[in-house]
Amino acid sequence: MKFDIILGLIILTFVVFIIRHFHYTLKLRSFGKANGCKPVIRWPLKDPLLGLDYWWALNQAAKRRRLLDWIRHQYDKYGTTYYTRLHITNVISTCDPENIKAMHTTRFEDFALDNRRELAFLPLLGRHSVLLANGHEWEQKRAMLRPSFSKEQYTNTLLYERHVSRLIGNVKSAPECKIDLAHQFLCLTVDITSEVMFDKSIELLKDDKYDLLDNMTNSAEGGHAAWLLVWLTKFVRQPVYHNSVKHVRKFMQLYVVDDAIAYSNKVAMGGHTDFKVNKSLPRQENSRLPRPIYLEAVAKATDDPTVMLDELTTILFAGRDTTAALMTNLFFLISRHPHVWTRIRADVGFLEGSKPTHEQLKGMDYLQACLKETLRLLPVIPLNTRMAIRDTVLPRGGGPDGQSPIVVPAGTHIAFHVTALHRRPELWGDDAEEYKPERWESMKANWVCNVLALLKSIPPPFTDTFTLADLTSHISPLLMYSLGVSTDHRESNLQKHQPFGMGPRNCPGQHLSLAEAAYTTCRLAQEFKEVKPLEYGPWEELISLTCTSASGAQVQMVPA
Ligand code: HEM
């Protein structure tokens, strides 16, 4: 009797499940029809339930340091958007600029960060990290970040000089100036980020205290390994990852968070809020100028030490790994393209040895082109993910030609791949695989031609052939370019060049990072006449929080 009841309940549950599933499928179908959607191409899964074959292939490619190549190869085979499965999750993989744009801008509200990122990076970044936050919590954190990335911060080149000249000194004192610049850039970016954000440099270029650098690197790499494991990360212990995270967070607690707590207490007691660090690390003269310090903003917003620790640790990682990866990749490429260094040196020659201002750096077209081209060919964040939080639509990937919209049911993960986008020959030309900073110069020349053509083409006030809409569609990208919102002149470029993401969740540190990289490169160009490679292998990926050259940037710098 009892058994009959249990069996009856099981059957009833099953029937309800089937009916609900059937109903949902019908609902999705009519939703898709209303939006002109067509079926998306499927990756040929042998295991359609858990997608273990897809996951295995991904992991094998990652082991060979060929993950990015493998992913690009899938797009060549199956088109720029396809469906697959990863463990228990439905995944749409895309490198179509229209889909990436929709997720980041027009359909921003329909997507959030997926829980895979949280699973992997929670131990390192903590529950209160902006990089793991969604919804209202994210909006608040983003608002708190904004002032610290203001123009007065990143245009203040004096903030960088002390650290960059220390780096130059380190290169000059290396035997025969032979050095792995990757290590130096990691120290530099820790020092500059802490100077700018905490008003107190950690000064790793002077000495690597407490193995901070290695522990940060192990933590970032451990996070990526956990990300590759997807759900399995819950069951696999990674002692190196967890130990390194412990060390980094302890360091941050002692050297940064304690200051934030002291500041927070002062604010609570209505005391004078002119922040004075209580540690012995030196501050830079010019940093005493009033400027928005992130540590102070965090300390004003909370007195919870865990929140402070999560926020401040996140910003240190975000500021370190990204710009260091850009600089390492840049010098890896320069060492293999000597003419690029010659041209950069020609660009900076007019300074006659004096330190560049931000405006002067912005005017160095070739140097700026080198940074853009490095971020195109070797993007620092080559892959990223989102999750649909309601049933929605992406504009491309449906039908045999992949040009129709597709339905994206709630819970689907979207993996988007910037390296694949940045190397598509139909967007970048047949030389998309080559490092050619010059391509940005010709794009700029085209921009001037476009403006002239536009001015010539504007007929006496708007005729049938040239409407107000045409004019605004031409003008708005130009306006964005002129206002400095974009570094590109055409909207199409804006979509096809995505190193910093786009929309409300784009990178707030992009100007700081580009300013830091331009300043450092310019100063190195003033001091060294040649950059010779010390190894000649092809570029291999090292993916952690970011992606950089696995062999670093091992070079011999020849003093000028
Ligand atoms: C070459 C340098 C950099 C690149 C390529 C880069 C790229 C990116 C990208 C693609 C995102 C969006 C991530 C997503 O949508 O999931 C992002 C977010 C972010 N970046 Fe950067 N970044 C760089 C430098 C920096 C620097 C120097 C800082 C800080 C000092 C920084 C702080 C952040 C923060 C806090 C976020 C999270 C923003 C949010 O979620 O609202 N980045 N970055």
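**Note on the ligand shell, the nonpolar core and helix 5**

1. In this predicted model, 24 residues surround the ligand, and those that come nearest are A318, G319, T322, C507 and G509. Two or more residues of the shell are given by each of helix 6 (135-145), helix 13 (305-336) and helix 22 (510-527). Helix 13 supplies the largest share, 6 residues.

2. As to the character of this shell, 13 of the residues around the ligand are nonpolar, 9 are polar and 2 are charged.

3. The largest nonpolar core comprises 126 residues, and A260, L295, L312, F331 and A518 have the most contacts inside it. Helix 13 gives the most to this core, namely 16 residues. Both domain 2 (36-114 + 387-422) and domain 3 (135-381 + 499-559) give residues to the core, so it lies between them.

4. L312 illustrates the packing in this core. Leaving aside residues up to four places away in sequence, L312 touches M252, V256, V257, A260, L295 and V298. Of these contacts, A260 and L295 are themselves listed among the residues with the most contacts inside the core.

5. Helix 5 (residues 115-125) has as its buried residues R116, A120, F121, L124 and L125. These cover an arc of only 115° around the axis, which puts them on the same side of helix 5. In general, an α-helix has 3.6 residues a turn, so residues three or four places apart point the same way.

6. The cover over the buried residues of helix 5 includes helix 10 (212-228), helix 11 (239-268), helix 13, strand 5 (383-388) and strand 8 (413-417). Just after helix 5, G126 adopts a positive phi of about 90°.

Notes
Residues numbered from 1 in each chain as written. Predicted model: local features only at pLDDT ≥ 70, side-chain atom pairs only at ≥ 80, totals over all residues. Near = placed C-beta within 6 Å. Helix = DSSP H or I, 4+ residues; strand = E, 2+ residues; numbered from the N terminus. Nonpolar A, V, L, I, M, F, W, Y, C, P; charged D, E, K, R; others polar. Core = buried A, V, L, I, M, F, W, Y, C linked by C-beta atoms within 7 Å. Buried ≥ 20, exposed ≤ 12 C-beta atoms within 10 Å, placed from the backbone. Domains from an automatic or database assignment. Contact = placed C-beta atoms within 7 Å. Arc of directions from axis to C-beta.
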